[in-house]
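Let's take a walk through this one together, starting with the empty space inside and then moving on to helices, sheets and a few backbone oddities. Keep the 3D view open as you read.

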Amino acid sequence: MKKILFGAAMLASLSLSAQMKAPAGGKQISDELIGIFFEDISFAADGGLNANLVQNGSFEYNPTVRDGWGPGTNWRFQRPGHSAGYIAAKTDHPIHSNNPTFMRIYAERIGHYYDFDGWTGVGLQNDGFNGMNVKAGAKYNFSIFMRNVSGKGKPVRVVLAAPGRQPKVLAETTLNVYDNEWQKYTAELTAAEDCPNANLQILMLEKGEMDVDMVSLVPQDTYKGHGIRKDLAEALAALHPKFMRFPGGCVVHGGGDGFWDTYRWKTTVGPKEQRKSLKNTWGYNQSMEVGYFEYFQLCEDMGMQPLPILPCGVSCQGVNGGWGMKTQAQEVVPMDEMDEWVQDALDLIEWANGDASTKWGSVRAAAGHPEPFNLKYLGIGNEEKITPEFSERFKYMYNKVLEKYPNIVIVGTAGPGSHKGNPDYENSWKLAEEIDLPIIDEHYYDSRQMFIDNRQYDDYSRARKTKVYLGEYSVQDRSHGQMNQWGDALAEAIYLMHVERNADVVTMTSYAPLFAYKHNTNWNPNMIYFDNERPFFTCSYYVQKMFGESSGNYFYGDCVKFANGENEFDNHLLGQSVVLNTKARELYVKVANNSDQTKKATINLSRFSVKPNAVKTTLSGKLDDENNYDKHPIDPVVENVKVSKNMTVELAPYSFSMYKIKL
């Protein structure tokens, strides 16, 4: 034991010696400034991060979403080879009460194999999300729950097929379904060739009745082996995010059927066949196959702090009809029922941080993660109207959580449109100061010009105990169709330099929304668009990536001077930031020019021991340039350059550059 302790002490000593001392003149800032915000909007989870290629594998699409058992459910009845039968949704004796609906296949006649060149049977076809993109040689894990309702064991053919009048077999297996109780069956399928729009068919090959539920087809090659689509996760990892806020903004408050059908984390952490799906605020179904367990696991895999958001017994301003009805009466939980909501928060902390001997820690351990997740932050509320009813419930929940877990950092909410003069903003800050709230979550989506003009954190009172989390923001400009153009991203970049300058009070930021599926987009713009084959990176993505790569813990505001006496305070088309990371021993110099003229800047790094070789990354283009599926005019230009302690650089019109310098 003594040797182990001594070794740990030595490692700590070496770590401290490797970390440099910050030169004078710097201001200590948050080293968790750049994070990500995940909300299941625009099919960001199912069809996106969720690597399962099957859509509605649990047959739980909300009745208001599904259209019979046809296109609305993404399942089709199949009876090739002149077979006969039918299917019906059933709810008697399901796998679990949270997952009540399953499909029964009635096979009345199986056609002859020769009638359709060997293609016969009675069953189901799933087309995934606008087809299933499969790759030659790739292996896929297939799983299904089945129950043989009648007679002896029966063969069930599982086929991964390319579409067509005569489908082409890409991979197949046959399962012998013998059990008259629910049983999970698994198989490995290897695709014979590439196909961007494959489908999955499940066909009974003998007469009888068969119950089917929880159909899944997942590539074996997922991010860290945890069922998350690899290319999308790698796109997030490249941002170097320090935290992830989830499961959403308005999604937190419940489904599209109203506040009382609220997202509850406890039904998203157990075995997937026991999770409760939910129609969400954005009008489609969430399977919860990516639930709180997967969110926490993803945070751990990427080295991010998890920031879960829980409701606090008050409806969102956009629920029950959307933002067009945000002046409606606020729905609230009676105060004598608030302990249930408080207990949800306490149980979440125990689930995340408790050991396997605790009630909820044992649930986490049973899911395959015996070690705690070490939750630090907990958000309470999202964009509620800050009424007396909200304040009463928030304070009740806030005090109860801190009473049991005083080390948890609570993040509150400032509502949407978080600027001075907004009643919710003003009321939220009064509440924050009354209770010494550690962090308040501000949201705003504004025009390009507003991001250029606004500098709201420069005059933030340093006497306030409450810090800011800028949890949702982006340029949303109807003047050019709400799309993400270079002019928008450049305005965001300069605004983020303003935030970095004030990162002693703005401790966290996250662009929103994060993801949008090309074929099912609820909101524009987004940081990353994607289809079944690849992600598409917007201009804003590259800006966020540069800031994520330049995270540090000290800010120096006097190292960069613009020519002709110009400065970023008077001319908001200019931006500069110098950030030091003492752990990485790196210095990041960022400069931006949002004007149509070339600008010069002198950079004085004499207080730092800079090494001559550096990496320079530059983004530049025309203001209306836009990255989309067909063209990509804005890409980072990365080059090795020489730097010195004193240098003058030229800033091209409409450009943003970053120097990464070793010390």
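Before anything else, bear in mind that this is a predicted model. Let's begin with the holes. There are seven cavities of 30 Å³ or more in the structure. The largest cavity encloses about 100 Å³ of space. Its lining is made by 14 residues, and those closest to the centre are Asp-46, Gln-55, Asn-56, Phe-129 and Ser-287. Sort that lining by class and you get eight polar residues, four nonpolar ones and two charged ones.

Now hop over to the second largest cavity, with about 60 Å³ of space. What lines the second largest cavity? You'll find Tyr-263, Arg-264 and Trp-265 there, along with Leu-310, Pro-311, Trp-341, Asp-344 and Met-397. By class, that lining has six nonpolar residues and two charged ones, with no polar residues at all.

Next up are the pockets, which are open rather than sealed. The largest pocket has a volume of about 880 Å³. Its wall takes in 42 residues, and if you want to find the middle, look for Lys-184, Lys-272, Arg-275, Glu-289 and Glu-294, which lie nearest the centre. Several elements chip in with at least two lining residues each: the strands β8 (139-148), β11 (183-190) and β13 (208-219), plus the helices α3 (292-302) and α5 (359-366). As for the make-up of the pocket lining, 18 residues are polar, 16 are nonpolar and eight are charged.

Since α3 has just come up as part of that pocket wall, let's stay with it and look at how it sits against a neighbour. The axes of α3 and helix α4 (residues 338-353) come within 12 Å, crossing at roughly 50°. The two helices are therefore oblique to each other. Their crossing is right-handed.

Further along the chain there's another helix pair to look at. Here the axes of α6 (residues 388-404) and α7 (residues 423-435) come within 11 Å, with a crossing angle of roughly 30°. Angles under 35 degrees count as roughly parallel, so α6 is roughly parallel to α7. The crossing of α6 and α7 is right-handed.

On to the sheets. As a quick reminder, strands in a sheet pair through backbone hydrogen bonds, and they can do so parallel or antiparallel. One open sheet has three strands in the order β23-β24-β25, and its pairing is mixed. On the edges sit β23 (515-517) and β25 (535-537), each pairing on one side only. Neighbouring strands in this sheet are turned by 30° against each other on average, direction ignored. Zoom in on β24 (residues 528-530) and you'll see that it runs antiparallel to β25, with three bridges joining the two. Which residue of β25 stands opposite Phe-530? That's Pro-535.

Another open sheet also has three strands, this time in the order β27-β30-β33, and the pairing here is antiparallel. Its edge strands are β27 (560-562) and β33 (646-651), each with a partner on one side only. On average, neighbouring strands of this sheet are turned by 25° against each other, direction ignored. Three bridges hold β27 to β30 (residues 599-604), and the two run antiparallel. Across that pairing, Phe-562 stands opposite Ala-601 in β30.

Last stop: the backbone oddities. Most peptide bonds are trans, and most residues other than glycine have a negative phi. Where does this model depart from that? Try the bond that joins Phe-246 and Pro-247, which is cis with omega at about 5°. Pro-247 is in the loop between β14 (243-246) and β15 (278-279).

A cis bond also runs from Ala-512 to Pro-513, and there omega is near -15°. Pro-513 belongs to the loop between β22 (506-509) and β23, and β23 is one of the edge strands of the mixed sheet we visited above.

Finally, take a look at Glu-383. Its phi is near 60°, a positive value in a residue other than glycine. Glu-383 lies in the loop between β18 (377-380) and α6, which brings us back to the helix that crosses α7.

Terms used. Residues are numbered from 1 along each chain as its sequence is written. This is a predicted model: local features need pLDDT of at least 70, side-chain atom pairs count only at pLDDT 80 or more; totals for chains, interfaces and linings use all residues. Side-chain values use heavy atoms; hydrogens and water are left out. On a 1 Å grid over the protein atoms alone, a cavity is a set of points where a 1.4 Å probe fits but cannot get out, and a pocket is an open set with protein on both sides within 12 Å along at least five of seven lines; lining residues have an atom within 4 Å of a point. Grid points are joined across faces, edges and corners, and a volume is the space filled by probe spheres set on the points. Ala, Val, Leu, Ile, Met, Phe, Trp, Tyr, Cys and Pro count as nonpolar, Asp, Glu, Lys and Arg as charged, and the others, Gly among them, as polar. Two strands pair if DSSP finds at least two bridges between them. Helices (H or I, at least four residues) and strands (E, at least two) are DSSP runs, numbered from the N terminus. Axes are lines fitted to C-alpha atoms, for helices over the stretch in contact, and angles run from 0 to 180 degrees between N-to-C directions. Angles under 35 degrees count as roughly parallel, over 145 as roughly antiparallel, 65 to 115 as roughly perpendicular and the rest as oblique. A crossing is left-handed if the near helix is turned anticlockwise from the far one by less than a right angle, and right-handed if clockwise.
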